[in-house]
Amino acid sequence: MEIFEEIAERLGWEVHYREAPFRRVLRMVQQGEVDVMLGPLETEERSELIEFVAPAFPPERRLFFYLNKEHRIERYADLYGRAIGVLEGASYFPRFDDDEGLLKEPAPRYENLMLMLQKGRVDVVIAPELVGLYTVEKLGLGVEVSPFFVPGERSYIAVAKNSPVIQYADDIRAALKLIEMEGIHENLVLKYMERAAE
């Protein structure tokens, strides 16, 4: 949000945020209730609804969080036979997303998934690094991070194709370039990376 705030400030926009589970945000975009979506990964299916305007957020590794040692993930094959907490409607990486042999338990928010892990309703939770570590810290949970992880992809500022904001796509890109040139983008990213490393 802080990166988008910097962009919005340069464009002179007043922004109203709405937080909702991922699938609901996609539905809100489709129904014209939301103009801009922060942080989605680019997929072919989503490209029908939204324009991926600017890759504003750094690639985040996909981490596997666990509580009990027997659920530690050392390699991909260790995922079989485990109940894996996933965010409803989220994409993680193609092999995982398309693997019907995995037992995936969806929930609307990462907070829900981490609490399911704590209660033993799932064995493992997959989450992007920064949001996963932030959620664990916020909830004060003593979970561990598996050594197996998957490199991340850049996530985007995306604009609904049915929104009048789509005409400002080039302005959003230009404002992002400006905050990158000013060093603001890097400072914000580093702030969160350093927090995650602590």
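Guide: Contact here means heavy atoms within 4.5 Å of each other, and with that in mind we can start reading this predicted model.

Visitor: Which residues of helix H5 are buried?

Guide: A residue counts as buried when its relative accessible area is under 20%. In H5, which covers residues 110-118, the buried residues are Tyr110, Leu113, Met114, Met116 and Leu117. Seen down the axis of H5, these buried residues fall within an arc of 155°, so they line one face of the helix.

Visitor: What do the buried residues of H5 pack against?

Guide: They pack against four strands, namely S3 (62-66), S4 (83-87), S5 (103-107) and S6 (124-128), and also against helix H6 (129-139). After H5 comes Gly120, whose phi is positive, near 80°.

Visitor: How many salt bridges are there, and where do Arg10 and Glu6 lie?

Guide: A salt bridge is read from a side-chain nitrogen of Lys or Arg within 4 Å of a carboxyl oxygen of Asp or Glu, and by this rule the count is eight. In one of them Arg10 is joined to Glu6, with the closest N and O atoms 2.9 Å apart. Both residues lie in helix H1 (residues 2-11), four residues apart, which is about one turn of the helix, and Arg10 is partly exposed at a relative accessible area of 29%.

Visitor: Which residue does Lys177 meet in a salt bridge?

Guide: The side chain of Lys177 meets that of Glu180, at 3.9 Å from N to O. Both lie in helix H7 (residues 169-181), three residues apart, about one turn of the helix. Lys177 is exposed, with a relative accessible area of 52%, whereas Glu180 counts as partly exposed at 32% relative accessibility. Elsewhere, salt bridges that share partners join Glu6, Arg10 and Glu182 into one network.

Visitor: Is Asp78, the salt-bridge partner of Arg75, buried or exposed?

Guide: Asp78 is buried, with a relative accessible area of 15%, and its side chain meets that of Arg75 at 3.8 Å, N to O.

Visitor: What is the order of the strands in the open sheet of three strands?

Guide: To read a sheet, one follows which strand pairs with which. Here the order is S1-S8-S2, with antiparallel pairing. The edge strands are S1 (36-38) and S2 (50-57), each of which pairs on one side only, and the twist averages 25° from one strand to the next. S2 and S8 (residues 155-160) pair over five bridges in the antiparallel sense, and the bridge partner of Glu51 in S8 is Val159.

Visitor: Which strands does H7 lie across?

Guide: H7 lies across S2 and S8, running at about 5° to S2.

Note on methods. Residues are numbered from 1 along each chain as its sequence is written. This is a predicted model: local features need pLDDT of at least 70, side-chain atom pairs count only at pLDDT 80 or more; totals for chains, interfaces and linings use all residues. Side-chain values use heavy atoms; hydrogens and water are left out. Buried means under 20% relative accessible area, exposed over 50%, partly exposed in between (1.4 Å probe, protein chains only). Helices (H or I, at least four residues) and strands (E, at least two) are DSSP runs, numbered from the N terminus. The arc is that of the directions from the helix axis to the C-beta atoms. Two strands pair if DSSP finds at least two bridges between them. Axes are lines fitted to C-alpha atoms, for helices over the stretch in contact, and angles run from 0 to 180 degrees between N-to-C directions.
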